[in-house]
Protein chains: 2
Amino acid sequence: MTSKATIRDVAKAAGVALGTASRVINKAENVAPEIRQRVQAAIDALGYQPDVLAQSMRRGETRTIGIIIRDITLPAFAAFVQSAQEELEAQNYVLMLTCSEDRPERELSLLNLLAQRRVDGLIMTGCSESDSKLLEARGQIGVPIVMLDRVAHDSSDSMLMAHADGMQKAVELLIDLGHRRIALITGSNEVHSGRDRVVGYRRAYRNKALTVDNSLVRARDFRGESGYREMTELLATDAPPTGVVAGGIAMLPGVVRAIREAGLSIPEDISVIGGGDSDLARLATPPVTVIRWDYAEVGRAAAKILIDRITGSDDSAPRQLLFPTELVVRQSCARPKLQA
Amino acid sequence: MTSKATIRDVAKAAGVALGTASRVINKAENVAPEIRQRVQAAIDALGYQPDVLAQSMRRGETRTIGIIIRDITLPAFAAFVQSAQEELEAQNYVLMLTCSEDRPERELSLLNLLAQRRVDGLIMTGCSESDSKLLEARGQIGVPIVMLDRVAHDSSDSMLMAHADGMQKAVELLIDLGHRRIALITGSNEVHSGRDRVVGYRRAYRNKALTVDNSLVRARDFRGESGYREMTELLATDAPPTGVVAGGIAMLPGVVRAIREAGLSIPEDISVIGGGDSDLARLATPPVTVIRWDYAEVGRAAAKILIDRITGSDDSAPRQLLFPTELVVRQSCARPKLQA
DNA sequence: AAAAGTCAATGAAACGTTTCATCAACTCAG
DNA sequence: CTGAGTTGATGAAACGTTTCATTGACTTTT
């Protein structure tokens, strides 16, 4: 019963033509007040609701936005998605959520899936900025795309965090405390969020006139288990680090767990800085110093710019928005035990 | 160019009728092998992909599932959504994600939104089991609904956690340790997940032949800030609790924060048990004892049963699946300081 | 008073499918 | 050799909209 009444029924009930009913519904002008009223009455009486499917088909838009996120389970991403969703909902768009698990083949099939679903736009955080298959698939999709923490090499817009800045501050903090062996664990070099952190790390070392030990820089992938694995490996070496920055957003838990399991304590044995704030970082004992940024704000911005692109109200060159990061100092960092 | 080719083009290219092309595409029988091949060749050559919109319109199904979750930011819910999404994706469904923030008026408007979008089914965790407006809206929607942690009073299926069991074990643990003033903070009485915890709490007290102090039972709503507020309030009373169970899934952070701010330490001054496992609970110092259940499994089950309802392969009476909870003992509970 | 111009309403066409009643061709039994 | 039966292809109709070229009724201009 819900949306059984069609526009035809409305027209008939109001004694007007199909097209007229449509014009009333779409608030077009050029319709006599008396007629408008009659049609409106019919709409109310029948409880008419337009069929979104038929509208989409005719109009060629679905009012649907696709999102490909690595893993919705990470609170940071969830915050991003949530605020983007709110913004979109306000503009009468709806979100189709998918997760790539940071796996290229999944990303590819999700791109196809969403293309076939005819989303009006796409927000995504890809596995790679350069993979040619993915690049092609993104190009083929033919709708505006906003990339999260990825540099777009095509016409997409990018929302970039200033990871290098944050990382530099973090590493300099550790260096100033006397640390010389500082490990960096972050994601793949193929994407901005991984690469930029390494840039910041090296910049800090250069600033302090120190040289980087490349074996301490681990930039493989973003999956959560990597944090644990890399940290365990690092701690097992002859010269383990005295400080570590868990750059990837999902890595702090694994890194902390590895440290605990090695029987070390924070910050006495090893100093820790996390990438991205979280309940865990805030409420751990000791609370963990983190590089913070506001994904919720980024989500809103992404939604806004995407809508502007869709409506065509922004047809300027691809944008690269840079969002600030800040270092939130808590109690997880201290001077290293044995000064080098 | 992507999906520009229509079935008409395919038919023309293959030199067959529209209907024939359609039959090939839909793998219908009764089509000569030679023709099938020719059509297939045309499909490949043109890169034809069916227009999902037109299909939906004609078939009367959208292959889209709506989900209304309280807050995607909570990792537990995110895990639920993620596993549901995976299961649905495998069956070629796609998820439309919305968040109600536990606010009835939002829930109502989201129900309407998703109804208008013609979702084929709905997974949701409502604000109330009894609110008549919401009940009516759910009834009107006309598609199968699976409720998460809510008892459905209509034809919907319910996925229920055995909160009472878990809570009983939790409270009995505290009682056995010698606690007599145990606070319970959980969500609204209007829903299973709130109510059932209170049931378990009372059962534990009855089992141990103790009487409940109702001022220690706080079952208002599920929002995160409530955890902090209620805990702060409880600690400010003349006879503060010596143990607390943070029942609601979002409440542990707030409760812990309130305790920290009161200058108390866990478990020396107060014992804490959380509802739902999390990174925070696992990695806090000390690690927090929790009532655990597996939302990922629930998500899969919800998706499965929903699909069965949609396809009509399950037309039995509404189901109420009960999922087990277990008590995971960590180090956040100890004997109370001053024995009562 | 005729011509030209406005303003609103009309109804057919189109969007890209699926489905279904026909139809054509062929096979086989009598 | 005819009539019935079977198999497979056909093309129109339908799903519920929006849009657009027409049309009809008025109004204004010459």
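## Reading a strand, a pair of copies and a DNA surface

Modeller: Let's start with one pair of residues in this predicted model: Gly275(A) stands opposite Ile291(A) in β10(A).

Colleague: Which strands does that pair belong to, and in which sense do they pair?

Modeller: To read a pairing, look at the direction of the two strands and the bridges between them. Here β9(A) and strand β10 (residues 289–292) of chain A pair in the parallel sense over 3 bridges.

Colleague: And which strand pairs with β9(A) over 4 bridges?

Modeller: That is β8(A), residues 243–246, again in the parallel sense. To find your place there, look for Ala246(A), which stands opposite Gly274(A) of β9(A).

Colleague: What do β8(A), α11(A) and β9(A) make together?

Modeller: Follow the chain from strand to helix to strand, and ask about the hand of the path. In this case the three elements form a right-handed β-α-β unit.

Colleague: How many residues of β9(A) are buried?

Modeller: For burial, count the C-beta atoms around a residue: 20 or more others within 10 Å make it buried. Strand β9(A), residues 271–275, is mostly covered, with 5 of its 5 residues buried. Then check each side in turn. Ser271(A), Ile273(A) and Gly275(A) lie on one side, Val272(A) and Gly274(A) on the other, and both faces are covered.

Colleague: Now the two protein chains. How can chain A be laid on chain B?

Modeller: Superpose one copy on the other, then read off the turn and the shift. A turn of 180 degrees with a shift of 0.0 Å along the axis lays chain A on chain B with an RMSD of 0.1 Å. The two copies are therefore related as by a two-fold rotation axis. The same surface serves both, as 100% of the contact residues of chain A recur in chain B.

Colleague: How many residues are in contact, and which elements of chain A give two or more of them?

Modeller: There are 36 residues of chain A in contact with 37 of chain B. The elements of chain A giving two or more residues to that side include α5 (75–90), α6 (104–116) and β2 (94–99), and α11 (252–261) is also among them. By class, the side of chain A has 21 nonpolar, 11 polar and 4 charged residues.

Colleague: Which residues come nearest to DNA strand D?

Modeller: Of the 26 residues around DNA strand D, the nearest are Ile7(A), Gly19(A), Ala17(B), Gly19(B) and Ala32(B). α4(A) gives the most to this surface, with 5 residues. The classes here are 13 nonpolar, 8 polar and 5 charged residues.

Notes. Residues numbered from 1 in each chain as written. Chains lettered and ligands numbered in written order. Predicted model: local features only at pLDDT ≥ 70, side-chain atom pairs only at ≥ 80, totals over all residues. Least-squares fit on C-alpha atoms with pLDDT ≥ 70 in both. Contact = placed C-beta atoms within 7 Å. Nonpolar A, V, L, I, M, F, W, Y, C, P; charged D, E, K, R; others polar. Buried ≥ 20, exposed ≤ 12 C-beta atoms within 10 Å, placed from the backbone. Pairing = 2+ DSSP bridges. Right-handed = clockwise from strand over helix to strand, strands pointing away. Near = placed C-beta within 6 Å.
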